[in-house]
Amino acid sequence: MVDATLHTRRAPINEPTTWSRLKTNRQWLGYWFMVPALGFLILFLAYPLGLGVWLSFTDTKIGRAGEFIGLENYDWLRDDSIFWTSVFNTLLYTIVASAIKFAAGLYLALLLNKSLPFKAMLRAAILIPFIVPTVLSAIAFWWIYDTQFSILSWTLKKIGLISTNIDFLGDPWNARWSTIFANIWRGVPFVAITLLAGLQTVSPSLYEAATLDGATPWQRFRYITYPLLTPIIAVVMTFSVLFTFTDFQLIWAMTRGGPVNATHLMATLSYQRAIMGGALGEGAAIATAMIPFLLFAIMISWFGLQRRKWQQGADND
Amino acid sequence: MTDLAVKQTKAAPSKAADDHSDGMSYLESIPRQLVTLYLPLSIFLIVLLFPFYWMALTAIKPNHQLLDMERVSPFWTWEPTFQHIYKLIFESQYPLWLWNTMYVAAGATALSIAASVLAAYAIVRLRFKGAQTIGGLIFLAYLVPPSILFIPLSTVIYNYGLFDSPLALILVYPTILIPFSTWLLMGYFKTIPYELEECALIDGASRWQILTKIVLPLAIPGLISAFIFCFTLCWNEFIYALTFLQSVQNKTVPVAIVNEFVDGDVYRWGSLMAGALVGSLPLVILYAFFVEHYVSAMTGAVKE
């Protein structure tokens with residue numbers, strides 16, 4: 001009995017099988033551990049990304065395989081005024097909303113960083129717009145912006161500022177500003193809470209020292225808070241710009257691109273052309289046209305702000 | 001060793017912030033604080049929370065008060081009614097949509113977390129050749145937005161025969177969730193002392209045993225954070241669900257509300273808002289229990 005166990009124990013020690021060698025091989029195990037994640041990402045992310053670029057060079061329609069037509073889709077788009085409106089809207093939407101989100105978010109973060117009663121509860125309440133599904137809050141905004149029964153128009157009328165209802169979503173420019181406001185409303189909590197996390201790592205003794213040296217509140221912000229916060233600002237704003245630029249839900253739930261295509265973003269226009277209109281190739285061309293803009297926006301917010309990190313002597317971590 | 005030192009220096013300033021949380025605020029008088037702090041803060045709060053108040057109020061207002069803004073103040077109601085919510089639950093397919101959303105979110109979250117745990121562990125601890133590069137590529141995947149993928153993906157889904165099936169969403173959502181949760185979990189795994197694993201290795205534990213018996217129990221806060229965040233993202237997702245699902249009974253809550261509730265009825269607002277309210281409540285409740293995890297997920301991913 002004892003003999004037998006000794007024997008079986010000795011065997012794997014003396015001559016490890018290929019299997020047990022592989023089991024402890026980090027390379028081999030590492031690749032297997034990556035399989036599920038990479039499988040998903042390659043099948044449903046990398047491959048469609050390439051396929052999207054390819055589709056944009058074809059005249060594929062829903063239910064019909066397309067043929068290669070070169071740059072025809074793009075030529076077509078170049079003379080399409082609706083496409084250029086959507087490009088204009090996307091840029092306006094991204095630039096205005098991101099700038100205001102940043103300013104308001106930073107301000108809110110600075111406010112929350114002061115000593116307050118019920119701080120945790122306040123922070124939790126402020127994040128709620130970010131938790132609630134965008135479409136559902138967009139529907140609430142749709143109701144708030146209603147032509148006839150808008151609570152905003154009602155309040156302004158009662159105060160006596162306006163005499164007739166504002167047509168929030170019916171007039172092109174009103175609709176643009178209304179959707180931009182809804183986007184800012186949803187984005188501010190994210191910016192504020194992430195910046196607040198950054199602010200909390202700044203030691204108060206720095207501010208005390210600066211105050212003793214006679215620094216004004218603005219100088220304290222400009223020369224202490226802002227430089228220490230830039231790495232986080234860079235990341236937060238990169239994400240914010242990215243998600244604003246590619247936004248779809250808010251517009252689709254509130255205006256569907258209307259009135260008369262005035263609020264179409266590139267994402268909503270590509271949905272309308274590709275899925276509702278059936279022109280997959282053309283829709284893919286619009287979506288692909290977003291990629292250079294996106295890269296540009298990411299580069300600006302990333303390198304523009306990230307550079308400061310090594311200027312301060314931090315390592316390239 | 002260096003890891004430990006880094007952690008200590010990282011912990012130090014935040015601890016200092018906790019100790020002196022009052023900072024220099026005693027220098028500011030109460031009236032001054034009222035204007036510079038509490039006033040702007042309450043404006044922010046009102047603006048941020050008003051849509052939810054309005055949503056909830058509309059959901060319980062009786063129909064005759066909804067559109068009558070002259071005789072009764074629209075900001076309050078003395079006759080709350082559950083007729084909209086009743087109609088929603090018993091006279092529409094809302095429970096089905098809620099179930100679909102939950103099913104898809106739970107499935108996609110479980111798949112993504114399993115895949116992310118393996119990937120994050122491999123990148124951080126197995127350090128195979130090219131681990132850093134793959135880590136970077138996964139982060140880049142996070143920057144690819146669904147808006148430029150849904151058209152080609154719809155053809156892919158169609159070719160796989162998954163069109164109009166919740167399974168399509170369960171398989172596609174991980175592409176949004178995996179990059180995020182892998183990065184989050186990588187951060188958590190890095191904080192677990194390597195010595196623990198070395199001990200286990202010497203005692204003859206396999207990598208799989210180390211992962212399930214040592215690393216995962218220690219990374220539970222990270223797993224909860226990743227779970228909450230993934231679940232919220234799934235619930236929130238719209239464009240894929242809108243594109244891939246066709247039949248009414250397969251839809252998720254966000255898509256169904258936009259497409260099925262919007263009819264010509266002037267009284268639709270009550271049920272629309274009730275639908276939006278009921279659709280957000282599960283997330284808000286989940287969030288209320290795990291605020292800290294949620295915030296750490298959000299800020300942790302950004303800091304990485």
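Arg127(B) counts as partly exposed, because 13 C-beta neighbours sit inside 10 Å. That is more than the 12 at which a residue would still count as exposed and short of the 20 needed for a buried one. Keep in mind as you look around that this is a predicted model. You will find Arg127(B) in the loop between helix H5 (94–126) and helix H6 (131–142) of chain B. Its backbone is worth a look too: phi of Arg127(B) is near 45 degrees, a positive value in a residue other than glycine.

Chain A offers a case to set beside it. Val260(A) lies in the loop between helix H12 (249–254) and helix H13 (266–276) of chain A. Val260(A) is not a glycine either, yet it has a positive phi of about 40 degrees. Is Val260(A) buried or exposed? Val260(A) is exposed, because 11 other C-beta atoms lie within 10 Å, and 12 or fewer is the cut-off for that class.

Here are the positive phi values, with one from a glycine added.

| Residue | Phi |
|---|---|
| Val260(A) | about 40 degrees |
| Arg127(B) | near 45 degrees |
| Gly161(B) | about 75 degrees |

The glycine in the table, Gly161(B), comes just after helix H7 of chain B. How enclosed is that helix, H7 (residues 150–159) of chain B? It is largely enclosed by the rest of the structure, because 7 of its 10 residues are buried. The buried residues in H7(B) are Phe150(B), Ile151(B), Pro152(B), Leu153(B), Ser154(B), Thr155(B) and Ile157(B).

Now for chain A as a whole. Its secondary structure consists of 14 helices and 0 strands, so from the N terminus on every element in the run is α. Of the 317 residues in chain A, 41% are buried. Looking at contacts in chain A between residues at least 6 apart in sequence, 70% join residues at least 24 apart.

Finally, the two chains meet. How many residues does each chain bring to the contact? Chain A brings 75 residues and chain B brings 83 residues. On the side of chain A that touches chain B, helix H3 (residues 26–55) gives the most, with 18 residues. Sorted by character, that side of chain A has 55 nonpolar, 16 polar and 4 charged residues.

Terms used: Residues numbered from 1 in each chain as written. Chains lettered and ligands numbered in written order. Predicted model: local features only at pLDDT ≥ 70, side-chain atom pairs only at ≥ 80, totals over all residues. Contact = placed C-beta atoms within 7 Å. Helix = DSSP H or I, 4+ residues; strand = E, 2+ residues; numbered from the N terminus. Nonpolar A, V, L, I, M, F, W, Y, C, P; charged D, E, K, R; others polar.
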